[in-house]
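Open the structure in your viewer and keep the selection panel at hand. The stops below say what to select and what is there.

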Amino acid sequence: MTSAAMPQTSRRKTAPAGPAIRLVGLSKRFGETTAVDSVDLEIRSGEFFSMLGPSGSGKTTVLRLIAGFELPTAGVIELDGKDVSARAPFERDVNTVFQDYALFPHMSLIENVAYGLRVRGVAKAVRRQRAAEALEQVQLGSFLDRRPSQLSGGQRQRVALARALVVRPKVLLLDEPLGALDLKLRQQMQVELKELQQELGITFIFVTHDQEEALTMSDRIGVFNKGRIEQVGTPEEIYERPNGPFVANFVGTSNIFPGTLGRSLYGRDDRFSVRPERIQLRPLPPEGPGTGIALTVTALVYLGHATQVRGTLPDGTTAVALIPVTAGRGGEFAVGQPAVLSWNRQDVVWLPPAS
Amino acid sequence: MKLSRSARITLGTLTAVVLLFIYVPLLLVVINSFNGDRSFGWPPRSFTLEWWSRAFQSEGVREAIATSLWVALISTAISLVLGTLLALALQRHDFFGKDVINLLVILPIALPGIVTGIALNNLFTTVLGVSLSLWTVIIAHATFCMVTVFNNAIARLRRTNSSFEEASSDLGAGIFTTFRLVTLPQLRSALVAGGLLAFALSFDEIIVTTFTIGAGQQTLPVWILNNLFRPNQAPVVNVVAVVLIIASVVPVWLAQRLSGDAIGTTRSRKKASPGITKASSTAR
Ligand SMILES: Nc1ncnc2c1ncn2[C@@H]1O[C@H](COP(=O)(O)OP(=O)(O)O)[C@@H](O)[C@H]1O
Ligand SMILES: [Mg+2]
């Protein structure tokens, strides 16, 4: 969508210095389940922040706590420095794009988009005008009087976006908004959403379980695991310097080597990880592995842009290497045959001891 | 399921017999309301509109119709408000003892009318010390009419997504605005169906009514009961019975249609919501 004419609110330059959102010791329990477990987090004004984590890690619950659909069991939620923990959703200056879009089925598109203005008492002519503009911007200008049921998934997604943005929130919450779209449309929407966010300068909090999506779109990422935040950082930090095996494995596949290997190679007892694409693999030369590590190939997976080679080290550790197409198709390797692994010292990421 | 030929014939015959058994007597009542012969000789030798005109000229009948309409309308209105509120409370919120309350709300429709009648009569006259009137009838009717509204509303709420209400709240609407603009429009056809059934239930109710109505007042069914054994009123009783049939069948038929395709997803009547079965209520 072209976002040039979307409502212009707090541009990034004029944004206040404090965090847009601050979560302090935020917890939410449902009976026996602890969905969110004392989360501390600051989200900066105007940033594209992604909450990344596997299904059931508490991302949606954090979003619903911020929106006000759930009340925290413990902890504080601050919006723009004000404690809103006990406020109702309609008293909070945030808006949500729901995972299932939640477009009102009994209203036309223009009524859906005008809804937020209508309940704020904006005059009918004005709100219809603004809703029509917003729909125009998401390229649905000719569908004003259609019902949501007459739209495709991608179109509904745009309507949900227009409906949330037309009331000019400070923060937009998006719960896996692209989850229901097919790959091609999803990639296109990723670009458009990112551009839109940069245009508007609104803080976006974007929930996803897709690490690639989080890496390509975000200014910063918070990685969730079992209701806790494992790591917060820029995509590069998260990818290049994961602070533990969970992040290393969830954000892209990683090789995690045991402390015994750390000791024998580098004289350090910690586990470490190396990304598959940083690993060099060659067939075992007749004179032995040399400085490399011997492994037995267990599987070859052709990925199109590369070939993934999986294998087992003598101590049972599994390892994965990616051989780019430019380096051949991995034809020199075969399942059951030995090979040699090596990597550069600077590609080693040390992991803290498992807690 | 594939039925054998003989099974199909047996089932078909059985259905026909049952339907004939139910509808032939009703048809007779309708025909006799036009029968020119005062002693209802069969087959009718002539037809007349005299009974109909006499019925509508009768002060007693006109008053009874007005009374029944009034009672049915007001108890339907009360049922709509209370049934909707209860359905919302029980469907959209979780609390301890919810299932028990749910059962207690729908129980009145299964209670025998005579029990409800005696209990409410007791409550009004002995415990509360109020004199019986149309209002006591209205309150009594509302106790069971509410159930049809409740059942229809809760079935609809179960099928609609509560995220619509969250979205409304998210966009800045308070509780009442959300109810008016989002919840109610989605409930509308379910409420109309429930309300029509409530109306039909109240309009032809007699047992509870006789226990809770004030002296000298009569609803249409009570009028029939009072005039049933007066020979010179027999033709007029037939006419009133036809009016009663129409007043109960039309709302049920409308309600059936409404809840059948209200959501627009299914046109099948088989999945009609639970409150729609008048069967459970006519048992009273
Ligand atoms: N309303 C609820 N009632 C009970 N348990 C819930 C509720 N909402 C979420 N949970 C539980 O909380 C955990 C986190 O869920 P959620 O926040 O939806 O995770 P995610 O969005 O990361 O997939 C899950 O174990 C889920 O079953
Ligand atoms: Mg989720």
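**Cavities**

Begin with the enclosed spaces: the count comes to five cavities of 30 Å³ or more. The model is a predicted one. The largest cavity has a volume of about 50 Å³.

To see its walls, select B:Arg92, B:Arg156, B:Leu157, B:Thr160, B:Asn161, B:Phe164, B:Glu165, B:Val182, B:Thr183, B:Gln186 and B:Leu187, which line the largest cavity. By type, this lining divides into four nonpolar, four polar and three charged residues. Now colour helix H6 (134–159), helix H7 (163–170) and helix H8 (175–203) of chain B; each supplies at least two residues of the lining. Which helix gives the most to the lining? H8(B) does, with four residues.

**A helix pair in chain B**

Stay in chain B and select helix H2 (residues 50–57) and helix H3 (residues 59–92). Their axes lie 5 Å apart, at an angle of about 70°. Angles of 65 to 115 degrees count as roughly perpendicular, and H2(B) and H3(B) are therefore roughly perpendicular to each other.

For the contact itself, show B:Ala55, B:Phe56 and B:Gln57 on the H2(B) side, and B:Glu59, B:Val61, B:Arg62 and B:Ile65 on the H3(B) side. Four of the residues in this contact are nonpolar, one is polar and two are charged.

**The six-stranded sheet in chain A**

Move to chain A and display the strands in the order S6-S7-S8-S3-S9-S10: these six form an open sheet with mixed pairing. At the edges are strand S6 (94–97) and strand S10 (228–233), each pairing on one side only. On average, neighbouring strands of the sheet are turned by 20° against each other, direction ignored.

Zoom in on strand S9 (residues 220–225) and S10(A), an antiparallel pair with five bridges. Here A:Val223 stands opposite A:Gln231 in S10(A).

Next add helix H5 (residues 183–200) of chain A, which packs on the sheet and touches strand S3 (48–52), strand S7 (171–175) and strand S8 (203–208). The direction of H5(A) makes about 155° with that of S8(A).

**Strand S14 and its partners**

Finish with strand S14 (residues 293–302) of chain A, which runs antiparallel to strand S17 (residues 338–342) and is joined to S17(A) by four bridges. A:Leu295 stands opposite A:Ala339 in S17(A).

S14(A) also pairs with strand S15 (residues 306–312) of chain A, again in the antiparallel sense, over six bridges. A:Thr296 has A:Thr312 as its bridge partner in S15(A). Three residues separate S14(A) and S15(A) in a hairpin. Select A:Gly304 in the turn: its phi is positive, about 95°.

How values were computed: Residues numbered from 1 in each chain as written. Chains lettered and ligands numbered in written order. Predicted model: local features only at pLDDT ≥ 70, side-chain atom pairs only at ≥ 80, totals over all residues. Heavy atoms only, no water. Axes fitted to C-alpha atoms, helices over the stretch in contact; angles between N-to-C directions. Parallel < 35°, antiparallel > 145°, perpendicular 65-115°, else oblique. Contact = heavy atoms within 4.5 Å. Nonpolar A, V, L, I, M, F, W, Y, C, P; charged D, E, K, R; others polar. 1 Å grid on protein atoms, 1.4 Å probe; cavity = no way out; pocket = protein on both sides within 12 Å on 5 of 7 lines; lining within 4 Å. Points joined across faces, edges and corners; volume = space filled by probe spheres on them. Pairing = 2+ DSSP bridges.
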